[in-house]
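Thanks for coming, everyone. I have one structure to walk you through today. Please look at the screen.

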Amino acid sequence: MVPRIAVNLSTVQFHDPKLVSLIDGVLHRHRLSPELLEIEITESAAIGDPCSASCTLAELREMGLHLT
């Protein structure tokens, strides 16, 4: 069994409009299952722009990523 990898994103990384497509591209390029990736963000990253953060989090969840 392959362990899940956790990646901590900075506020700047989290608010990058290309974040979701970047992560999707990396997963496809390396043939990794989204369930093997856990994205960690701080509360302050989500508070900065709640509407954008909500959309980004929803897209990442839909991809099958774990979020903490």
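Let me start with the cysteines. The disulfide count here is 0. Keep in mind that this is a predicted model. Why is there no bond between C51 and C55? The sulfur of C51 lies 7.1 Å from that of C55, its closest cysteine sulfur, and that is too far for a bond. A disulfide needs the two sulfur atoms within 2.5 Å. Seen from the other side, C55 is in no disulfide either, and its nearest cysteine sulfur is the one in C51, 7.1 Å away. How accessible are these two? C51 counts as exposed, because its relative accessibility is 62%. C55 has 49%, so C55 counts as partly exposed.

Now the overall layout. The protein chain holds 4 helices and 3 strands. Reading from the N terminus, the order is β-α-α-β-α-α-β. The C-alpha trace spans about 35 × 20 × 20 Å along its principal axes. How does the radius of gyration compare with that of a compact globule? For 68 residues, such a globule would have a value near 11 Å. This chain has 12 Å, so the two agree. As for burial, 25% of the 68 residues are buried.

On to the sheet. Strands of a sheet pair through backbone hydrogen bonds, and the pairing is either parallel or antiparallel. Which one do we have here, parallel or antiparallel? The pairing is parallel, in an open sheet of 3 strands with the order β1-β2-β3. That leaves β1 and β3 as the edge strands, each pairing on one side only. β3 covers 66-67.

Let's take the pairs one by one. β1 and β2 are joined in the parallel sense over 4 bridges. Within that pair, N8 has E40 of β2 as its bridge partner. A6 belongs to strand β1. Opposite A6, in β2, stands E38. A6 and E38 are 32 residues apart along the chain, yet their C-alpha atoms are separated by 4.4 Å. Is A6 buried or exposed? Neither: A6 counts as partly exposed, because its relative accessibility is 44%.

The other pair is β2 with β3. These two also run in the parallel sense, with 2 bridges. E38 turns up again here: its bridge partner in β3 is H66. So E38 stands opposite A6 and is bridged to H66.

Next, the pocket. Rolling a probe the size of a water molecule over the atoms shows where empty space is left. The largest pocket has a volume of about 280 Å³. It is lined by 16 residues, and the closest to its centre are V7, I23, V26, L37 and I39. Which elements supply the lining? β1 (5-8), α2 (19-29) and β2 (37-40) give at least two residues each. Which one gives the largest share? That is α2, with 5 residues. What is the lining made of? There are 13 nonpolar residues, 2 polar ones and 1 charged one.

Two loop residues before I stop. First up is R31. R31 sits in the loop between α2 and β2. Most residues other than glycine have a negative phi. R31 is not a glycine, but its phi is positive, about 50°. With a relative accessibility of 78%, R31 counts as exposed.

Then G48. Where does G48 lie? Its place is the loop between α3 (43-47) and α4 (50-63). G48 is exposed too, with a relative accessible area of 65%. Find H15 on your screen as well. G48 and H15 are 33 residues apart in sequence, and the distance from C-alpha to C-alpha is 9.1 Å.

To wrap up, here is what to take away. The sheet is open, has 3 strands and pairs in parallel. The largest pocket draws on β1, α2 and β2, and α2 supplies the largest share of its lining. And the cysteines form 0 disulfides. Questions, please.

Key: Residues are numbered from 1 along each chain as its sequence is written. This is a predicted model: local features need pLDDT of at least 70, side-chain atom pairs count only at pLDDT 80 or more; totals for chains, interfaces and linings use all residues. Side-chain values use heavy atoms; hydrogens and water are left out. On a 1 Å grid over the protein atoms alone, a cavity is a set of points where a 1.4 Å probe fits but cannot get out, and a pocket is an open set with protein on both sides within 12 Å along at least five of seven lines; lining residues have an atom within 4 Å of a point. Grid points are joined across faces, edges and corners, and a volume is the space filled by probe spheres set on the points. Ala, Val, Leu, Ile, Met, Phe, Trp, Tyr, Cys and Pro count as nonpolar, Asp, Glu, Lys and Arg as charged, and the others, Gly among them, as polar. Two strands pair if DSSP finds at least two bridges between them. Buried means under 20% relative accessible area, exposed over 50%, partly exposed in between (1.4 Å probe, protein chains only). The radius of gyration is taken over C-alpha atoms; the globule rule is 2.2 Å times the number of residues to the power 0.38.
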